[in-house]
Amino acid sequence: MSIVAVDVQGQIDRFNAGIQERNPAEYEFHQAVQEFTEMVMPYVLSHQKYSDAHILERMTEPDRIVIFRVCWENDEGTICCNRAWRVQFNNAIGPYKGGMRFHPSVTQSVLKFLGFEQVYKNALTGLPMGGAKGGSNFNPKGKSDREVMRFCQSLMTELSRHIGEDTDVPAGDIGVGTREISYLFGQYKRLQNRFAGALTGKGLAFGGSLIRTEATGYGVVYFSKHMLERRCESLFDKTAIISGSGNVALYCAEKLLQEGAKVFTLSDSSGFIHDPDGIDQNKLAWIMTLKTERRGRINEYVKQYPTAIFYPGQRPWSIKADLAFPCATQNELDEADAKLLITNGIQLVAEGANMPSTLEAVHYMRKVGILFAPGKAANAGGVAVSGLEQSQNALRLPWTRKDVDRRLQDIMAHIHQQCVEYGEDKDRHMDYVRGANIAGFVKVADAMLAYGIA
Ligand code: NDP
C-alpha cells in the first residue's frame, strides 16, 4: 500500500470515529456514512476546494431534526402514544424530499441513515430535491382503518408546521402506502385550508401521479437493464430472486416478467416462498390482491399454489438465480449471504430497498466484482416520479402514463450514465458504489460551496 493510500484510510477511520463519537449508538447512521466516506474521501482529498471547506463534516450533520409525540385513541378507547420524527437532512439543491416510515423498528438512527442516503439519491435524479426522511415507531399492522386514520391525523397535526410544497415534501415508505398518504394529506389540507402538493404518492383523484406506485420497482429493473446492456446482455430469460412483497418488490417482479425474466421468490417478515415453476403474471396478480387488498401473509401463497415451498423465518438468498433484488429492508443481506449468492453464480445484485446489504456484504461483492447497484442509484425511480408528481401539481396538469414512464426511463438512464462517469475504471470495470456516491456528492457539495459557509 502506498503512503497516500495509508493516509486516505487513516482519514476515513478518523472521520468515522468522530461520527461514532458525536452520534452514539446510531449504528445504521454510522454504516451509511462509512460506506459513503469510503467512496468519497479519496475524491475529497484530491480536490482541495472540498477538503478546505470541511464539506464532509457539514454534510454529515442534518440541517435539523424535529421529534414529537403522537397521541391517538384506539378502537377500545385506550389512549396510545407514539414517537415521530422528521429528519430534514440537506436542502442545498431543492426542498427537502423523502418518505415517512411507520414500523416498530423506526429509531432516530434509522431515519438519519435514510435521510442521509436520500440527499445523494435525490441529487442523482437530476431533479431539484433536497433530502429528508421521517416516520414513527407506530405499527400499522393489525390496526383498523379508523385507528390508522386517527394516528395519521394526529401525526399530521404537528408535522404540518414543518412541511410544505416549497419546504419539505414527504412521501410513503415501509408501512406508509396510499391509505396512509390519503389520511395524512386529507389532514394537511384541512389544517392549511389550501390544496397544495405537500405530499407525494397521493391518490390519482387528488393530485397523484400515474406510475408513482410502480416507479421504484420499475426503476430498479430499468437500471439493471442498463447494467446488463453495458455488458451486451439482457434481462430476457434470466432468473431472479426477490425479497419483500411490498410496493418495491411487487413492481420489481412485474417489470422483470414484462422483460422476459423468471421470478422464483418473494418474502415478508415471516419467511420466503420459492416457486420453482416461476411466479407468472397471474400468480403475481393474486399476490398483489393478497398484499394490498387483504393485507395477508406471503405463506398463503403455498395454499393457493401447492408446488411452491414456504421457508419460515428465512431469506431467499440460498435459491440459485442470475439476479438478486433485495427489496424489503435494511441489512437483510449479510456477508454470508453474499458469499452464498456468488457461489451460486449470481451475476447482478440491485438494491430495491435502502441499504439492504451490510457493509461487509458490499465490500465482498465489490471485491469479487459482480454487478452491484447500490440503492442510492437503483431505487431512485420512486423519488424521481415523486418529483414528477410535484411538477404536475405545480402545473396543475396530469401527465399520461406513457409520458411519466418515459421520463422515469430517461432518469434511470441518466443516473446510470452518472455512475459510469465517476465509477468506471481504465479497464472498463464498473464500480457503481463509487460512481453513485461521488456523482451525488459533487452535485450537493458544489451547491453548498456556492452558498458560502452555512
Ligand atoms: P412496504 O411496506 O410496501 O413493504 C415492505 C416489505 O418488506 C414487506 O414485504 C415487509 O414484510 C418486508 N419487511 C419490512 N421490514 C422487514 C423486516 N424487518 N424483516 C423482513 N422483512 C421486512 O415497503 P416498500 O416496498 O415501500 O419499501 C421496501 C424498501 O424499499 C425499504 O427499504 C424502503 O425504504 C425502500 N424504498 C421504497 C421506496 C418506495 O417508493 N416505496 C423508494 C425507495 C426505496 P411485512 O409485511 O411482513 O412487514
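This report describes the ligand site and two sheets of a predicted model.

Residues are numbered from 1 along each chain as its sequence is written, and side-chain values use heavy atoms, with hydrogens and water left out. In this predicted model, local features need pLDDT of at least 70 and side-chain atom pairs count only at pLDDT 80 or more, while totals for chains, interfaces and linings use all residues.

## The ligand site

There are 25 residues around the ligand. A residue is near a molecule if one of its heavy atoms lies within 4 Å of it. Lys141, Asp173, Thr216, Ser269 and Arg297 come nearest.

What classes of residue make up the shell around the ligand? The shell has five nonpolar, 13 polar and seven charged residues. Here Ala, Val, Leu, Ile, Met, Phe, Trp, Tyr, Cys and Pro count as nonpolar, Asp, Glu, Lys and Arg as charged, and the others, Gly among them, as polar.

Domain 2 (64-194) and domain 3 (215-378) each give at least three residues to the shell. The domain bounds come from an automatic or database domain assignment. At least two shell residues come from each of α8 (212-229), α9 (247-258) and β8 (265-268). Such helices (H or I, at least four residues) and strands (E, at least two) are DSSP runs, numbered from the N terminus.

The table lists polar contacts, which are pairs of N or O atoms within 3.5 Å.

| Ligand atom | Protein partner | Distance |
|---|---|---|
| Oxygen | Gly175, polar backbone atom | 3.1 Å |
| Oxygen | Arg212, side-chain N or O atom | 3.0 Å |
| Oxygen | Ser245, polar backbone atom | 2.9 Å |

On its own, the ligand has 890 Å² of accessible area, and the protein covers 82% of that. Areas come from the Shrake-Rupley method with a 1.4 Å probe.

## The three-stranded sheet

β8 also belongs to an open sheet of three strands, ordered β8-β9-β10, with antiparallel pairing. Two strands pair if DSSP finds at least two bridges between them. β8 and β10 (309-312) are the edge strands, each pairing on one side only. From one strand to the next, the twist averages 20°. Four bridges join β8 to β9 (residues 271-274). Ser267 has Phe272 in β9 as its bridge partner.

## The five-stranded sheet

Another open sheet runs β1-β2-β4-β3-β5, and its pairing is mixed. Which strands stand at the edges? They are β1 (64-73) and β5 (168-171); each has a single partner strand, so one side of each is left without a neighbour in the sheet. β1 and β2 (residues 79-90) run antiparallel and are joined by 10 bridges. In this pair, Trp72 stands opposite Cys80.

Notes: Polar contact = N/O pair within 3.5 Å; in protein donor to acceptor, adjacent residues only side chain to side chain. Axes fitted to C-alpha atoms, helices over the stretch in contact; angles between N-to-C directions.
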